[in-house]
Amino acid sequence: MKAYVAGPFFNEQQIESMEKIERVLEKHGIEMFRPRFDAGQIKEMKNATNEDLKRVFNNDLDGLIDSDMIIANLTFKDTGTSFELGYAHALRLPVILLNDETVSGKKINLMLAAVADHYFNSIEELSDFFDGVDDNCAEKVNGYELEIE
């Protein structure tokens, strides 16, 4: 089982949030494609060439194609993550969304909510899902205290 782990990683708070997801997946023996490590990120965007941009973009797409599911961190708004979710949906990958409501509140974009197979409001809920504690979490997508924006 391989998970594409989508989400922003542009500041310490975002990186810490991504690391929480990665620890849960690691604990459960799930292989990961992590764009922040596995796509060959660009250090200085102002010096990036078109070839650099295409390389990272294509590596991300290859990572999605090679994955069995996508887990997207929606705690922080990120257009790249939204794109990855749309692409994953087109590939018919199972979509797991995490939105840590203690940071961002419960609002989620309609288009993102619509593609979710599973939705979690905390890292603990995500961990419980992989522990098999909560196998009815699909019901949490439609009607589970979501505020659509």
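# Briefing: a chain of alternating strands and helices

The protein chain holds seven helices and seven strands. The model is predicted. Read from the N terminus, the elements follow the order β-α-β-α-α-β-α-β-α-β-α-β-α-β. This briefing covers the chain as a whole, then strand S3, helices H4 and H3, and the residue Arg 92.

**The chain as a whole**

- Of the 149 residues in the protein chain, 46% are buried.
- Among contacts with a separation of 6 or more, 60% join residues that lie 24 or more positions apart.
- The exposed surface of the protein chain comes to about 8,300 Å², and carbon and sulfur atoms supply 49% of that area.

**Strand S3 and its neighbours**

- Strand S3 covers residues 69–73, and because five of its five residues are buried, S3 is largely enclosed by the rest of the structure.
- Met 69, Ile 71 and Asn 73 point one way from S3, while Ile 70 and Ala 72 point the other way; all are buried.
- In a regular strand, side chains alternate between the two faces of the sheet.
- S3 pairs with S1 in the parallel sense over four bridges, and Ala 72 in S3 is the bridge partner of Ala 6.
- S3 also pairs with S4 in the parallel sense, over four bridges, and here Asn 73 has Leu 98 of S4 as its bridge partner.
- From S3 the chain crosses through H4 to S4, and this β-α-β crossover is right-handed.

**Helix H4**

- H4 spans residues 79–90, which makes 12 residues, and the distance from its first C-alpha to its last is 17 Å, close to the 16 Å expected at 1.5 Å a residue.
- Thr 81, Glu 84, Leu 85 and Ala 88 are the buried residues of H4.
- These buried residues cover an arc of only 100° around the axis, which puts them on the same side of H4.
- An α-helix has 3.6 residues a turn, so residues three or four places apart point the same way.
- Thr 79 and Ala 90, on the other side of H4, are exposed.
- The buried residues of H4 pack against strands S1 (2–6), S3 (69–73) and S4 (95–98), and against helices H2 (35–38), H3 (50–65) and H6 (110–115).

**Arg 92, after H4**

- Arg 92 follows H4 and lies in the loop between H4 and S4.
- The phi of Arg 92 is positive, about 65°, although this residue is not a glycine.
- Most residues other than glycine have a negative phi.
- Arg 92 counts as exposed because its relative accessibility is 75%, and the cut-off for exposed is over 50%.

**Helix H3**

- H3 has 16 residues, which should span 22 Å at 1.5 Å a residue; the end C-alpha atoms are 22 Å apart, in agreement with that value.
- Buried residues in H3 are Val 56, Asp 60, Leu 61, Gly 63 and Leu 64.
- Seen down the axis of H3, the buried residues fall within an arc of 160°, so they line one face of the helix.
- On the other side of H3, Asn 50, Glu 51, Lys 54 and Ile 65 are exposed.
- The cover over the buried residues of H3 includes S1, strand S2 (31–33), H2, S3 and H4.

How values were computed: Residues numbered from 1 in each chain as written. Predicted model: local features only at pLDDT ≥ 70, side-chain atom pairs only at ≥ 80, totals over all residues. Heavy atoms only, no water. Helix = DSSP H or I, 4+ residues; strand = E, 2+ residues; numbered from the N terminus. Expected span 1.5 Å × (residues − 1). Buried < 20%, exposed > 50% of the residue type's maximum accessible area, 1.4 Å probe, protein only. Arc of directions from axis to C-beta. Contact = heavy atoms within 4.5 Å. Pairing = 2+ DSSP bridges. Right-handed = clockwise from strand over helix to strand, strands pointing away. Areas by Shrake-Rupley, 256 points an atom, 1.4 Å probe, with all protein chains shown as cover.
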